[in-house]
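This report looks at how the parts of one protein chain pack together. The sequence and the structure come first, and the discussion follows under short headings.

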Amino acid sequence: MRITAFRGMMAGLALALSPMIAAAQGAQATPPNSAAIVIIDQERLLTGSRYGQRIQQEVEDAGAALVAENRRIEAQLSDEELRLTEQRATMSADAFRPLAQEFNIRVEGIRAAQEAKSRALQAQAEAARTQFYELAFPVLVDLMRMRGASVLMDNRAVLLSVDGIDITEAAITRIDAEIGEGGDAPLIDLDGTRRLSPPTDGTTP
């Protein structure tokens with residue numbers, strides 16, 4: 001699953017940040033380099049931060065657990081199908097038909113439930129990444145204000161830049177310090193009941 005949640009936010013950031021930075025600065029004098037541009041590596045921001053690494057680990061763990069669960073279910077159903085096949089030889093067609101129909105209906109229900117778990121896992125992964133970027137947003141705004149920058153760009157959209165305008169590492173350091181791993185509650189689960197909401201105290205989601 002590729003990182004896509006932040007791109008829409010980044011697209012409108014240049015338009016939205018100027019008034020936000022002005023409000024944050026209040027009556028302070030406008031920095032002489034207020035038109036400066038800073039850049040960031042979105043993927044590095046996620047994969048290099050403790051919170052982002054935790055999201056990736058939980059997604060991988062949940063995915064592996066789901067694969068293992070699917071294999072166990074497949075083995076159980078295969079054994080049951082074999083037993084039904086053996087029963088077929090000793091039963092009339094009329095007696096066997098309801099058993100076969102019940103088995104097929106149950107298999108379809110199990111397949112639908114497991115596919116729903118897979119979709120829920122993907123949705124939770126996207127939601128966790130979106131939440132990460134929402135929590136990172138104020139950090140990025142503050143770093144821009146400190147640099148006197150009014151535009152933040154994705155490094156993939158930059159053809160040439162000078163040293164010192166990439167704030168990715170500075171942002172990771174601040175995010176690790178202020179957000180950490182995002183608290184103790186799990187971000188991802190297999191049944192899809194975990195609902196993400198931004199931390200209210202900066203530590204616990």
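## An aromatic cluster

Which residues form one aromatic cluster? In this predicted model, the cluster is formed by Tyr51, Phe132 and Tyr133, and a search of the whole structure finds two aromatic pairs. A pair of aromatic rings is described by the distance of the centres and the angle of the planes. For tyrosine 51 and phenylalanine 132 the ring centres are 5.8 Å apart and the planes stand at 75°, so this pair is edge-to-face. The pair links distant parts of the chain, since tyrosine 51 belongs to helix α3 and phenylalanine 132 to helix α4, with their positions 81 residues apart in the sequence.

Phenylalanine 132 also forms an aromatic pair with tyrosine 133, again edge-to-face, with 5.2 Å from centre to centre and 70° between the planes. Are the rings' residues buried or exposed? Tyrosine 51 and phenylalanine 132 are both buried, the latter with a relative accessible area of 0%, and tyrosine 133, at 1% relative accessibility, counts as buried too. Tyrosine 133 is found in helix α4, and its C-alpha atom is separated by 9.5 Å from that of glycine 52, although the two residues are 81 apart along the chain.

## Overall architecture

The secondary structure of the protein comes to five helices and two strands, which follow the pattern α-β-α-α-α-β-α when read along the sequence. Of the 205 residues in the protein, 34% are buried. Among contacts between residues at least 6 apart in sequence, 84% join residues at least 24 apart.

## Helix α5 and its buried face

Helix α5 covers residues 168-178, and its buried residues are Thr168, Ala171, Ile172, Ile175 and Asp176. Seen down the helix axis, these buried residues fall within an arc of 130°, so they line one face of α5. An α-helix has 3.6 residues a turn, so residues three or four places apart point the same way. The face of α5 turned away from the buried side carries the exposed residues Thr173 and Ala177.

Against which elements do the buried residues of α5 pack? Their partners are β1 (36-40), α2 (42-47), α3 (50-88) and α4 (93-147). After α5 comes glycine 180, which has a positive phi, near 65°.

## Two positions in helix α4

Alanine 136 lies in helix α4 and, at 0% relative accessibility, counts as buried. When neighbours within four places in sequence are left aside, alanine 136 is in contact with Leu45, Ile175 and Ile179; of these, Ile175 is one of the buried residues of α5. Another buried residue of α5 is Ala171, and the C-alpha atoms of alanine 136 and alanine 171 are 8.1 Å apart in space, while the two residues are 35 residues apart in sequence.

Leucine 99, which is also found in helix α4, counts as partly exposed, with a relative accessibility of 34%. Not counting residues up to four places away in sequence, leucine 99 touches Leu84, Gln87 and Met91. For leucine 84, which is 15 residues from leucine 99 along the chain, the separation between the C-alpha atoms is 8.0 Å.

## The largest pocket

How much space lies in the largest pocket, and which residues line it? The space in the largest pocket is about 170 Å³, and its lining consists of Asn70, Ile73, Glu74, Leu77, Val107, Ile110, Arg111 and Gln114. The elements that give two or more residues to this lining are α3 and α4.

By residue class, the lining of the largest pocket divides into four nonpolar, two polar and two charged residues. Helices α3 and α4, which contribute to this lining, also carry the partners of the aromatic pair between tyrosine 51 and phenylalanine 132, and both helices are among the elements against which the buried residues of α5 pack.

Terms used
Residues are numbered from 1 along each chain as its sequence is written. This is a predicted model: local features need pLDDT of at least 70, side-chain atom pairs count only at pLDDT 80 or more; totals for chains, interfaces and linings use all residues. Side-chain values use heavy atoms; hydrogens and water are left out. Buried means under 20% relative accessible area, exposed over 50%, partly exposed in between (1.4 Å probe, protein chains only). Helices (H or I, at least four residues) and strands (E, at least two) are DSSP runs, numbered from the N terminus. The arc is that of the directions from the helix axis to the C-beta atoms. Contact means heavy atoms within 4.5 Å. On a 1 Å grid over the protein atoms alone, a cavity is a set of points where a 1.4 Å probe fits but cannot get out, and a pocket is an open set with protein on both sides within 12 Å along at least five of seven lines; lining residues have an atom within 4 Å of a point. Grid points are joined across faces, edges and corners, and a volume is the space filled by probe spheres set on the points. Ala, Val, Leu, Ile, Met, Phe, Trp, Tyr, Cys and Pro count as nonpolar, Asp, Glu, Lys and Arg as charged, and the others, Gly among them, as polar. Rings of Phe, Tyr and Trp (its six-membered ring) pair if their centres lie within 6.5 Å; planes under 30 degrees apart count as stacked, over 60 as edge-to-face and the rest as tilted.
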